Amino acid sequence: MISSSDFRTGLTLEIDNGVWQIVDFQHVKPGKGAAFVRTKIKNVQTGAVVERTFNPNEKLPAAHVETRAMQYLYEADGMYTFMDNETYDQIELTKDQLGSALNFLKENMDISLQSFKGNIIGITLPNSVNLEVVECEPSVKGDTATGATKMAKVETGYEVRVPLFVNEGDVLRIDTRTGNYIERA
């Protein structure tokens with residue numbers, strides 16, 4: 001059990017049968033009334049962020065989230081196979097479990113897989129990934145005065161807005177947290 005006066009950023013808690021991570025917190029001592037802890041917490045499974053207040057003496061159970069290093073192997077019949085880097089055990093995940101991570105997932109990529117009580121609750125990709133452009137519009141000469149961009153489709157099927165100088169066959173570095181183009185690799 002963790003007291004709300006011991007909250008810190010990144011701590012995971014069990015609240016209302018869900019796993020929540022503290023994004024931000026603030027101890028408040030108003031002039032009148034009792035002190036309280038104002039928090040911003042994120043549901044690890046859904047990504048929803050809510051604000052909630054706690055009494056400073058309130059105790060909540062800690063959520064023991066297990067993180068394992070995994071490697072993405074392949075996709076077959078809508079199931080995505082991952083291998084544990086230590087035990088070599090393989091697990092399969094569905095599209096729904098992977099969510100937006102599918103936009104950046106390449107074979108042999110190392111990821112971190114989070115589980116809570118045996119259930120997979122999320123995956124963490126590297127901060128950036130290099131993907132090859134397979135389709136993009138040709139650029140028009142002289143159309144660069146406004147910092148113009150165009151759409152490019154990368155090898156995973158994800159479409160990203162890129163500068164006009166990017167061509168098919170180029171390898172791009174893309175931020176997996178925002179989905180934005182960073183640079184040519």
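These legends accompany close-up views of a predicted model of a protein chain.

**View 1. Three domains along one chain.** Let's start with the overall layout: the domain assignment splits the protein chain into domain 1 (2-60), domain 2 (65-124) and domain 3 (128-184). The next views turn to domain 1 and domain 2. Their C-alpha centres lie 29 Å apart.

**View 2. Where domain 1 meets domain 2.** How many residues does the contact take from each domain? Domain 1 gives 5 residues and domain 2 gives 4 residues. Between them, domain 1 and domain 2 bury about 400 Å². Carbon and sulfur atoms account for 69% of that buried area.

**View 3. A salt bridge between Lys117 and Glu14.** Zoom in on this pair of side chains: Lys117 forms a salt bridge with Glu14. Their closest N and O atoms are 3.4 Å apart, and a salt bridge needs such atoms to be within 4 Å, so the pair qualifies. The count between domain 1 and domain 2 is 1 salt bridge. Across the interface of these two domains there is also 1 residue pair in polar contact. On the side of domain 1 that touches domain 2, the residues divide into 2 nonpolar, 2 polar and 1 charged.

**View 4. The stretch from 67 to 121.** Here a database record joins the picture: an unreviewed UniProt entry lists residues 67-121 as "domain: Translation elongation factor P/YeiP central". What is the chain like over these residues? Over residues 67-121 the chain is 55% strand and 7% helix. The C-alpha atoms at the two ends of this stretch are 10 Å apart.

Definitions and conventions:
Residues numbered from 1 in each chain as written. Predicted model: local features only at pLDDT ≥ 70, side-chain atom pairs only at ≥ 80, totals over all residues. Heavy atoms only, no water. Domains from an automatic or database assignment. Contact = heavy atoms within 4.5 Å. Buried area = accessible area lost by both parts, 1.4 Å probe. Polar contact = N/O pair within 3.5 Å; in protein donor to acceptor, adjacent residues only side chain to side chain. Nonpolar A, V, L, I, M, F, W, Y, C, P; charged D, E, K, R; others polar. UniProt positions renumbered as here; feature names shortened; annotations may be inferred. Helix = DSSP H or I, 4+ residues; strand = E, 2+ residues; numbered from the N terminus.
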